[in-house]
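This briefing walks through one protein chain with its ligand, beginning inside the fold and moving outwards. Please keep the sequence and the coordinates open while reading, since the points below refer to individual residues.

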Amino acid sequence: MPSHQLPDLPPPDRLAILLDFDGTLVDIAPAPDKVVVPDGLRDALSVLRVACGDALAVITGRPIAQIDHFLPDLPYAVAGEHGSAIRHAPGEAVDHVVLPELPEEWLDRAEAMVAGWSGAHVERKQSGFVLHFRAVPEAGEPLRAALEDMIAPRAADFHILSSKMAWELRPVGSDKGSALEAVMARPPFAGRVPLFIGDDVTDRDAIEAAERAGGIGLMVPERFGEPADVRAWLGELAARQGGAR
Ligand SMILES: O=P(O)(O)OC[C@H]1O[C@H](O[C@H]2O[C@H](CO)[C@@H](O)[C@H](O)[C@H]2O)[C@H](O)[C@@H](O)[C@@H]1O
């Protein structure tokens with residue numbers, strides 16, 4: 001979608017930019033470690049962070065360490081694992097939300113679930129895990145059924161998030177909406193108008209939180225098209241600012 005059809009933004013000194021990662025900033029790749037970060041994206045984020053007085057954050061389902069790997073020193077704040085881990089400023093300790101503890105034996109059971117499907121794999125996180133089946137789509141429904149059976153006795157504490165060709169098992173208690181609120185509560189974000197961009201079901205919580213805060217929430221498929229369109233728009237925004245970090 002051409003940028004003139006996107007909403008007008010407040011000036012950069014009143015704006016906070018909060019961005020999802022996979023499917024928003026970078027194209028979906030065959031596996032989580034295979035995503036490619038174009039140089040132009042790094043440059044645009046760097047300029048926008050300066051223009052917004054450091055109020056630039058990534059809110060992702062990934063662990064914070066992976067954002068540090070793919071976007072080193074770029075976002076000022078990072079909320080990882082759907083808001084269960086938040087680093088509010090560069091170099092600061094990570095805040096962890098207290099959540100139901102994942103039963104250790106569930107990881108073994110998850111590994112056993114994917115063992116029957118060549119190409120499926122488990123991505124472990126601090127407070128949950130993801131069953132990826134992009135390489136074996138027919139495993140999707142059986143894996144979901146197995147996960148549902150496993151968590152049924154703990155349905156008040158755990159739920160399954162639908163991701164792109166993946167099921168994520170998460171403890172209840174944080175989401176991208178709570179992450180956005182927590183990030184926006186602290187300087188340099190506090191008092192600014194949040195702009196959040198995301199592409200997936202789990203991003204809707206952050207979109208709603210941004211709108212509740214008087215800000216703007218944009219879904220990539222509906223408002224941009226593809227991550228390349230988001231990158232182009234961020235590039236245009238950055239070009240209008242001039243000057244880099
Ligand atoms: O919140 P996000 O930043 O959008 O992260 C969501 C999940 O993204 C990753 O998985 C997805 O992207 C992979 C790379 O393109 C793709 O191979 C996979 O099929 C997708 O489901 C990541 O692995 C997860 O941990 C994130 O929760």
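Strand 1 is mostly covered in this predicted model, with 5 of its 5 residues counted as buried. The burial extends to both faces of strand 1, since Leu15, Ile17 and Leu19 on one side and Ala16 and Leu18 on the other are all buried. The points that follow take up the pairing of strand 1, then the helix that lies against several strands, some backbone features, the two domains and the ligand.

**Strand 1 and its sheet**

- Strand 1 belongs to an open sheet of 7 strands, whose order is 5-4-3-2-1-10-11 and whose pairing is mixed.
- At the edges of this sheet stand strand 5 (95–96) and strand 11 (216–219), and because each has a single partner strand, one side of each is left without a neighbour in the sheet.
- In general, the strands of a sheet pair through backbone hydrogen bonds, in either a parallel or an antiparallel sense.
- Strand 1 (residues 15–19) runs parallel to strand 10 (residues 193–198), and the two are joined by 5 bridges; within this pairing, Leu18 has Phe196 of strand 10 as its bridge partner.
- Strand 1 also pairs with strand 2 (residues 56–59), again in the parallel sense and over 3 bridges, with Leu19 standing opposite Val58 of strand 2.

**Helix 5 and what covers it**

- Helix 5 (residues 176–184) has 7 of its 9 residues buried, and therefore it is largely enclosed by the rest of the structure.
- The buried residues of helix 5 are Lys176, Gly177, Ala179, Leu180, Ala182, Val183 and Met184.
- The cover over these buried residues of helix 5 includes strand 1, strand 2, strand 3 (77–80), strand 4 (85–87) and strand 10, together with helix 6.
- Gly177, one of the buried residues of helix 5, has its C-alpha atom 7.9 Å from that of Arg204, although the two residues are 27 apart along the chain.
- Arg204 itself is found in helix 6 (residues 204–212), and it counts as partly exposed because it has 15 C-beta neighbours inside 10 Å, whereas 20 or more would make a residue buried and 12 or fewer would make it exposed.

**Backbone features in the loops**

- Most residues other than glycine have a negative phi, and most peptide bonds are trans, which is the background for the next points.
- Glu81 lies in the loop between strand 3 and strand 4, and it has a positive phi of about 45° although it is not a glycine.
- His82 is found in the loop between strand 3 and strand 4 as well, and it too has a positive phi, here of about 55°, without being a glycine.
- Are these loop residues buried or exposed? Glu81 is buried, with 24 other C-beta atoms within 10 Å, and His82 is buried, with 28 other C-beta atoms within 10 Å.
- Pro187 and Pro188 are joined by a cis peptide bond, with omega about 0°, and Pro188 is located in the loop between helix 5 and strand 10.

**Two domains**

- The domain assignment of the protein chain gives domain 1 (3–97 + 174–241) and domain 2 (104–171), and the centres of domain 1 and domain 2, taken over C-alpha atoms, are separated by 26 Å.
- The contact between them takes 13 residues from domain 1 and 11 residues from domain 2.
- On the side of domain 1 that touches domain 2, the residues divide into 6 nonpolar, 5 polar and 2 charged.

**The shell around the ligand**

- Of the 23 residues around the ligand, those that come nearest are Phe21, Asp22, Pro32, Thr60 and Gly61, while the elements that give two or more residues to this shell are strand 7 (129–132) and strand 9 (166–171).
- The residues of the shell divide into 10 nonpolar, 5 polar and 8 charged.
- Where does the ligand lie with respect to domain 1 and domain 2? Both domains give residues to the shell around the ligand, so it lies between them.

**Confidence of the prediction**

- The protein chain has a mean pLDDT of 95, and 97% of its residues reach 70 or more.
- The scores of the model are ipTM 0.98 and pTM 0.95.

Conventions
Residues are numbered from 1 along each chain as its sequence is written. This is a predicted model: local features need pLDDT of at least 70, side-chain atom pairs count only at pLDDT 80 or more; totals for chains, interfaces and linings use all residues. Helices (H or I, at least four residues) and strands (E, at least two) are DSSP runs, numbered from the N terminus. A residue is near a molecule or strand if its C-beta atom, placed from the backbone, lies within 6 Å of it. Ala, Val, Leu, Ile, Met, Phe, Trp, Tyr, Cys and Pro count as nonpolar, Asp, Glu, Lys and Arg as charged, and the others, Gly among them, as polar. Domain bounds come from an automatic or database domain assignment. pLDDT is the predictor's confidence in each residue, from 0 to 100. Two residues are in contact if their C-beta atoms, placed from the backbone, lie within 7 Å. Two strands pair if DSSP finds at least two bridges between them.
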